[in-house]
Amino acid sequence: MTSLTKLYQMNTKQRLKPTVLGVIAALLLSQSVHAEIQANSAHLTSTQMKAWIQQGEVLRDSGALLDAQNRFDQAVSSPDNSDHYVAALTASGYNLFLLNKTELAEQQLKEAYQQSAKSNPYLHALSSEYLGSLYLSQGADDEALRYFNEALQLAETKRYRDLEASIILQKSVNQAIDNSLLIEKIAVLPEGYAKARLQLQWAEHLLDVDSSMLSATEKSKLTDFAYQAITEAKRVADLDKRIRFQAEVAATLARLYYQQARYDDALTLADRGIALASSGAASELTVRLNKLKGDCLRQQGNTQAALQAYALAVDTLNLIKNELPINLPNGQSAVEVLIDPVYRGYVDLLLLSVNDTKMSAGSNKMLSAMQNMEIVKKADLQEFFLSRCAIALDNHTDWAKQSFPGAVVLYPIVFSDRLELILKSGETIYHHTINVGADELKQQVDALVFALQNGKNYKPAAKQLNEWFFDPIRNDLQRLKTQTIVFVPDRSLRGMPIAALYDGEHFV
């Protein structure tokens, strides 16, 4: 996505998008666009407002969103009906969006959109693009598409080439894009960081494509496109010496190598990216790279080293998770693309290592698994309420201290290849691994719910689910002599009516 930086000819510091995964391109306005803005404005005279916006952009580039907002607030509080004020509203609205303050962000971006309609076509297109991203993150696809289309039409009319390419990529979230068209749009951009940034974003998009239904030729073509785009971005990154950008390029190329099963090459790049990201305080990028490193090591059969890499990712994510937006500007959920994969991946490896430990250490690992999955559950609640609100869970989810007299806790954790059941009664913990993956499990849960809702025969699905959840723990329950089970469902199990589970003679 484009930035306001060159509006003020900031040659020493260029805008780099600080949010998770780098999903929006941080393009800069071209000198020709800057000249057009000046030509269209008779009021670019407020030195102080200009300085506040410049300072805010620099702080936002470094990821200091709250400090950036303080500068933007100062600029917005001094309206003078100039393009400076509209630029301040645009920058402030976008920053508020990144801070999850969507109501105020929408208000400011709409004001910028309205005020720029007659005076500044570039700011009008830019505020329209930002509004499109805001609505996309809220799931309002039709509204998002309306603003994207308006921004794109204006960009095409005024020949704002950077905006054209950026908006086409934004629209690709819910529309298939013509890669040849995008290649054409990127090709006409002037060489430099802005073009390279967009190429890297395009490569990320290509790596996100679900290729399961594509032919080998089509997959190869997408890979070639991605590799060429990354290579061009890397060339500029190496010349430009932007540490964060170099780390992002390394991360994207490592991801491409991982998809090609080139794990040694991916690990080398991941380590390089981690070193760069750490020096640039790019915490969320460090999380991504450590996760990727863990995935590579796991594929190589080095479970212990993979667990260590995931542990580093979790430690960093624990520090920054409350600062993450609920939904990313491209409409993706931060829980879906970062929080759940990192914590669940860590728990996955943690439980795989239980069989190699003593019982006491294994119990500690199972408690740790439960604690980490509670972080995912809390993030799910925050996503449901669209707020990083202070949900009062912290005092109630220390499973090492929790005790329910006369009851046991059944804590299932769903993975792609298996189901893990943790049964806890006081300090006693039992652990069972069931050979059923997430897809098959969800299929049976959906079949049960559908049958119950439509008066169909639900017993086959109910019996199968009972075999997976209660047959393995039947002897444990008898030893514990309990009549009460506290069931803590994982994601796909939340709609499963436990009372309907059936063993062929009796219901649960």
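Trainee: In which helix is Leu381 found?

Mentor: In this predicted model, Leu381 lies in helix H17, which covers residues 359–384.

Trainee: Why is Leu381 called partly exposed?

Mentor: Its relative accessibility is 34%, and a residue is called buried under 20% and exposed over 50%; because the value for Leu381 falls in between, the residue counts as partly exposed.

Trainee: Which residues make the nonpolar surface patch?

Mentor: The patch is made by Leu381, Phe384 and Phe385, and its area is about 350 Å². Patch residues must have over 30% relative accessible area, and Leu381, at 34%, meets that requirement.

Trainee: Why is H16 called largely enclosed by the rest of the structure?

Mentor: Of the 19 residues of H16, 15 are buried, so the helix is largely enclosed by the rest of the structure.

Trainee: What is the span of H16 from its first C-alpha to its last, and where does the helix bend?

Mentor: H16, residues 334–352, reaches 26 Å, which is close to the 27 Å expected at 1.5 Å a residue for its 19 residues. The helix nevertheless bends by about 35 degrees at Asp340, and a proline, Pro341, follows within four residues.

Trainee: How many residues of H14 are buried, and which are they?

Mentor: In H14, 12 of the 17 residues are buried, and the helix is mostly covered. Among them are the charged-type names Glu284, Arg288 and Asp295 as well as Leu285, Val287 and Leu289. As for its span, H14 (residues 283–299) reaches 25 Å from its first C-alpha to its last, close to the 24 Å expected at 1.5 Å a residue.

Trainee: What makes E1 and E2 a pair of strands?

Mentor: Two strands pair if at least two bridges are found between them; E1 (residues 407–414) and E2 have six bridges, in the antiparallel sense, and therefore satisfy that requirement. The two strands form a hairpin with four residues between them, and Val414 stands opposite Leu419 in E2.

Trainee: How many bridges join E2 and E3, and which residue of their hairpin takes a positive phi?

Mentor: E2 and E3 (residues 428–434) pair in the antiparallel sense over seven bridges, and Ser425 stands opposite Thr428 in E3. Two residues lie between the strands of this hairpin, in which Gly426 takes a positive phi near 60 degrees.

Trainee: Why is E2 called largely enclosed?

Mentor: Six of the seven residues of E2 (residues 419–425) are buried, so the strand is largely enclosed by the rest of the structure.

Key: Residues are numbered from 1 along each chain as its sequence is written. This is a predicted model: local features need pLDDT of at least 70, side-chain atom pairs count only at pLDDT 80 or more; totals for chains, interfaces and linings use all residues. Side-chain values use heavy atoms; hydrogens and water are left out. The expected span of a helix is 1.5 Å times one less than its number of residues. The bend at a residue is the angle between axes fitted to the seven residues ending there and the seven starting there. Buried means under 20% relative accessible area, exposed over 50%, partly exposed in between (1.4 Å probe, protein chains only). Patches are made of residues with over 30% relative accessible area and no salt bridge: like charges are joined within 9 Å, nonpolar side chains (Val, Leu, Ile, Met, Phe, Trp, Tyr) within 5 Å. Accessible areas come from the Shrake-Rupley method with a 1.4 Å probe; for residues, only the protein chains shown count as cover. A salt bridge is a side-chain nitrogen of Lys or Arg within 4 Å of a carboxyl oxygen of Asp or Glu.
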